[in-house]
Amino acid sequence: RPGLLRLGYFGSYARGDAGVGSDLDLVAVVESSALPFERRAAEWDLTRLPVPAEVLVHTAAEWAAMEGRGDRFARVLQTDAVWVFDRRPRGR
């Protein structure tokens with residue numbers, strides 16, 4: 001996906017306690033987006049995944065601001081998320 005910097009999963013699958021009916025919670029960090037946060041996930045076709053899934057799509061600037069503010073969600077993801085793709089420049 002062009003502009004994708006990071007992709008990870010969190011929640012029950014990351015903790016290892018997913019069960020029947022669990023959905024896959026994904027988080028993506030993209031370089032930029034012209035769409036508001038609430039509409040970005042609609043651009044991601046997750047229907048080919050074998051389980052129900054939803055994705056939260058943050059821009060790099062939004063992600064950096066969340067980390068800088070020490071948002072609870074950002075702290076949780078820093079420790080609990082399993083990052084499966086990371087294309088950030090080295091040293092970040």
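## Arg6 and its surroundings

Let's start with Arg6, which sits in strand β1 (residues 4–10). Keep in mind that this is a predicted model. With a relative accessible area of 9%, Arg6 is buried, because anything under 20% falls in that class.

Who keeps Arg6 company? Setting aside neighbours within four places in sequence, Arg6 touches Val27, Ala28, Val29, Trp63, Trp83, Phe85, Asp86 and Arg88.

## The nonpolar cores

In soluble globular proteins, nonpolar side chains tend to be buried together. Here, the largest nonpolar core is made of 10 residues: Leu4, Leu7, Leu24, Leu26, Ala28, Val30, Trp44, Leu46, Val55 and Val57. Strands β1, β2 and β3 (53–59) are the elements that each put in two or more of them, and β2 gives the largest share, with four residues.

Val30 belongs to this core. Again leaving out neighbours within four places in sequence, Val30 is in contact with Gly3, Leu4, Leu5, Trp44, Val57, His58, Thr59 and Ala60. There is also another core, lying apart from the largest one; this one has nine residues, including Trp63, Met66, Ala74 and Ala81.

## Salt bridges

How many salt bridges turn up in a search of the whole structure? The count is five, and three of them are worth a walk-through here.

One of them pairs Arg15 with Asp17, with 3.3 Å from N to O. Arg15 is exposed at 56% relative accessible area, whereas Asp17 is partly exposed at 46%.

## Bridges across the sequence

Arg87 and Glu31 also meet through their side chains, at 3.0 Å from N to O. This salt bridge links distant parts of the chain, 56 residues apart: Arg87 is in the segment after β4 (82–86), and Glu31 is in the loop between β2 (24–30) and α2 (37–40). Both partners count as partly exposed, Arg87 at 40% relative accessibility and Glu31 at 45%.

Then there's Glu62 with Arg40, a salt bridge at 2.7 Å from N to O. Glu62 lies in helix α3 (residues 60–69) and Arg40 in helix α2, so this pair ties together parts that are 22 residues apart in sequence. Is each partner buried or partly exposed? Glu62 is partly exposed, with a relative accessible area of 27%, while Arg40 is buried, at 4% relative accessibility.

Technical notes. Residues are numbered from 1 along each chain as its sequence is written. This is a predicted model: local features need pLDDT of at least 70, side-chain atom pairs count only at pLDDT 80 or more; totals for chains, interfaces and linings use all residues. Side-chain values use heavy atoms; hydrogens and water are left out. A salt bridge is a side-chain nitrogen of Lys or Arg within 4 Å of a carboxyl oxygen of Asp or Glu. Buried means under 20% relative accessible area, exposed over 50%, partly exposed in between (1.4 Å probe, protein chains only). Contact means heavy atoms within 4.5 Å. A nonpolar core is a set of buried Ala, Val, Leu, Ile, Met, Phe, Trp, Tyr and Cys residues joined through side-chain atoms within 4.5 Å.
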